[in-house]
Amino acid sequence: MTSSDRAPAVDYKGKRGFDALMADRDGIFDRPHYREQVEAIAAAMVKALRAGKKILWCGNGGSAAEAQHMAAELSGRYLRERPGLASEALSVNSSTITCIGNDYSFDQIFERQVEAFAQEGDVVVGLTTSGSSRNVVLALKAAKKKGAIAIAFTGNGGGQTAEIADLVLLGPDGYAAIVQEVHQRMAHIVCDLLEQRLIFGD
């Protein structure tokens, strides 16, 4: 393929209208691998929760907000009345984040908490749109050292997290917002499947 055969690069930071922005999202939810990956992630979480284990979530920026969002769907409620589930985001304690960031480094803000809180059989979920956020990579490595199940919600080919994780939700290539939109939808489906299985059985 010559350079003249390639589609022109899109200037995502340039001026673009509504139709172009909608076109960015064409087909992003239609990848055939999502079903298998979501089912496997939901099954792993159900197994952990039934065994009295917990789910820890981490991410940066919008992914930190998503980690908190999904942790709350489980510890609070998604759609159905049921007992609260052991689920928490590692970005919520500002004293912990700033202490570790100051005394060690920002790269270790989640790793250190996984070392502190994760136990064998727990689930640690890292969300990173690039797949290579250093603090999420280290958190998943720490999870595996503790015998926890490492799950990556990632994109753009998967990056380092896909190589480390036991289970992966591989989102699309593209800028962060596009990947995050897939992560949110798929994570909501995980929460729904998980809640149904805990209430109604497999």
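Begin by selecting β4 together with strand β5 (residues 167-170): in this predicted model, the two strands run parallel and are joined by 4 bridges. Within this pairing, Thr154 stands opposite Leu170 of β5. Adding helix α7 (residues 159-164) to the selection completes a right-handed β-α-β unit, made of β4, α7 and β5.

Keep β4 displayed and turn to β3, which pairs with β4, also in the parallel sense, over 5 bridges. One partnership to pick out is that of Val123 with Ile149, the latter lying in β4. The chain passes from β3 through helix α6 (residues 134-145) to β4, and this β-α-β crossover is right-handed. Colouring β4 by accessibility shows a strand that is mostly covered, with 5 of its 6 residues buried.

Next, select Met45, Ile55, Trp57, Val125, Phe153, Leu169 and Leu194, which touch the most other members of the largest nonpolar core, a set of 31 residues. At least two residues of this core come from each of α2 (33-50), β1 (55-59), α3 (62-75), β3 (123-127), β4 (149-154) and α8 (176-200). A second core, separate and of 22 residues, includes Cys58, Val137, Ile164 and Ala165.

Centre the view on Ile55, whose contacts, leaving aside residues up to four places away in sequence, include Met45, Leu49, Leu74, Val123, Val125 and Leu194, as well as Ala86, Ser87 and Glu88.

Finish with the aromatic residues. A search of the whole structure finds 0 aromatic pairs, but Phe29 is worth selecting with Arg185, whose charged end sits over the Phe29 ring, 3.5 Å from its centre.

Definitions and conventions:
Residues numbered from 1 in each chain as written. Predicted model: local features only at pLDDT ≥ 70, side-chain atom pairs only at ≥ 80, totals over all residues. Heavy atoms only, no water. Core = buried A, V, L, I, M, F, W, Y, C linked by side-chain atoms within 4.5 Å. Buried < 20%, exposed > 50% of the residue type's maximum accessible area, 1.4 Å probe, protein only. Contact = heavy atoms within 4.5 Å. Phe/Tyr/Trp six-rings, centres within 6.5 Å; stacked < 30°, edge-to-face > 60°. Lys NZ or Arg CZ within 6 Å of the ring centre and 35° of its normal. Pairing = 2+ DSSP bridges. Right-handed = clockwise from strand over helix to strand, strands pointing away.
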